[in-house]
Amino acid sequence: MVCLGNICRSPMAEGIMRHKANAVGKSWQIDSAGTSNFHVDEAPDRRSVKKMKEYNIDISSLRGRQFSVSDFEAFDLILAMDESNFSNIMKLAKNDDHRNRVRMILEYTFPGQRMSVPDPYYGGESGFENVYRLLDSACDKILEEHS
Ligand code: 4NP
């Protein structure tokens, strides 16, 4: 799960996906990262933590890290939150195998539309509810399609 800062959207995606995978007994390795190094080693944004808590998922212990080339080998699937994350990830890819692992996360729920999970960082609390809903339905589809 990859966004820009790894403190708002992608830690929420990581928490939601892990919660759903665990619930059906899937031992997937799930992680998140940011394309930037702005918030390395920081906890998720308090608004993300609060929103996730409302849905009984604790992401407070996650810490920011920057996406790196080694992630292309470590993970089968690399899910970008928005178009800018997608192109920054693609710039780091070394070959077609790497490129083929990268998708926009909302492809699962809005196929062919190149929809982005809007960056909620500079907005109000409602942006975080919107992010939660988009990611919750996308993660349901991911589970369905990779089962
Ligand atoms: P995220 O949100 O990419 O969903 O973690 C952001 C967090 C921090 C910044 C931008 C977006 N920032 O510019 O510091």
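Helix axes here are lines fitted to C-alpha atoms over the stretch in contact, and angles between them run from 0 to 180 degrees between N-to-C directions. With that in hand, welcome to a set of close-ups of a predicted model.

**View 1. Helix α2 packs on helix α6.**
This view brings together α2, residues 46-54, and α6, residues 126-145. Their axes lie 10 Å apart and meet at an angle of about 55 degrees. The two helices are therefore oblique to each other, and their crossing is right-handed. On the α2 side, look for Arg47, Ser48, Lys51, Met52 and Glu54, which meet Phe128, Glu129 and Tyr132 of α6. Sorted by class, this contact of α2 with α6 holds three nonpolar, one polar and four charged residues.

**View 2. Helix α1 crosses helix α6.**
Here the axes of α1 and α6 come within 9 Å and cross at roughly 40 degrees. The pair is therefore oblique, and α1 passes α6 in a right-handed crossing. From α1, the residues to find are Arg9, Met12, Ala13, Ile16, Met17, Lys20 and Ala21. Their partners in α6 are Phe128, Val131, Tyr132, Leu135, Asp136, Cys139, Asp140, Ile142 and Leu143. The contact of α1 with α6 has 12 nonpolar and four charged residues, with no polar ones.

**View 3. Helix α1 runs alongside helix α2.**
The third helix pair has its axes 10 Å apart, with α1 and α2 packed at an angle of about 25 degrees. Because angles under 35 degrees count as roughly parallel, α1 is roughly parallel to α2. The crossing of α1 past α2 is right-handed. Met12, Gly15 and Ile16 of α1 make the contact with Ser48, Lys51 and Met52 of α2. By class, the residues of this contact of α1 with α2 are three nonpolar, two polar and one charged.

**View 4. The largest nonpolar core.**
Now for the interior: the largest nonpolar core has 30 residues. Met1, Met12, Met81, Ile105 and Leu135 have the most contacts inside this core. Helices α1 (9-23), α2 and α6 each supply at least two of the core residues. Which helix gives the most to this core? That is α6, with nine residues.

**View 5. Ile105 and its partners, with a second core.**
Centre the view on Ile105 and leave aside its neighbours within four places in sequence. The contacts of Ile105 are then Met1, Leu79, Ala80, Met81, Val117, Leu135, Ala138 and Ile142. A second core, separate from the largest one, has 12 residues, including Phe75, Phe86, Ile89 and Ala93.

**View 6. Arg9, a buried arginine in helix α1.**
Arg9 belongs to helix α1. Is this residue, Arg9, buried or exposed? With a relative accessibility of 2%, Arg9 counts as buried. Apart from neighbours within four places in sequence, Arg9 is in contact with Cys3, Leu4, Met81, Asp82, Asn85, Val117, Pro118, Asp119, Pro120, Val131 and Leu135. Two of these contacts, Val131 and Leu135, also appear in the α6 part of the α1 contact. For a sense of distance, the C-alpha atoms of Arg9 and Ser48 are separated by 7.6 Å, although the two residues are 39 residues apart along the chain.

**View 7. Two asparagines with positive phi.**
Asn6 is not a glycine, yet it has a positive phi of about 60 degrees. Asn6 sits in the loop between β1 (2-3) and α1, and at 2% relative accessibility it counts as buried. Asn56 is likewise not a glycine, and its positive phi is about 65 degrees. The loop that holds Asn56 is between α2 and α3 (71-74). Asn56 is exposed, with a relative accessible area of 68%.

**View 8. Asn95 in the loop between α4 and α5.**
This last stop is the loop between α4 (83-92) and α5 (96-100), where Asn95 is found. The relative accessible area of Asn95 is 29%, and this residue is partly exposed. Gly112 is 17 residues from Asn95 along the chain, and their C-alpha atoms are separated by 23 Å.

Definitions and conventions. Residues are numbered from 1 along each chain as its sequence is written. This is a predicted model: local features need pLDDT of at least 70, side-chain atom pairs count only at pLDDT 80 or more; totals for chains, interfaces and linings use all residues. Side-chain values use heavy atoms; hydrogens and water are left out. Helices (H or I, at least four residues) and strands (E, at least two) are DSSP runs, numbered from the N terminus. Angles under 35 degrees count as roughly parallel, over 145 as roughly antiparallel, 65 to 115 as roughly perpendicular and the rest as oblique. A crossing is left-handed if the near helix is turned anticlockwise from the far one by less than a right angle, and right-handed if clockwise. Contact means heavy atoms within 4.5 Å. Ala, Val, Leu, Ile, Met, Phe, Trp, Tyr, Cys and Pro count as nonpolar, Asp, Glu, Lys and Arg as charged, and the others, Gly among them, as polar. A nonpolar core is a set of buried Ala, Val, Leu, Ile, Met, Phe, Trp, Tyr and Cys residues joined through side-chain atoms within 4.5 Å. Buried means under 20% relative accessible area, exposed over 50%, partly exposed in between (1.4 Å probe, protein chains only).
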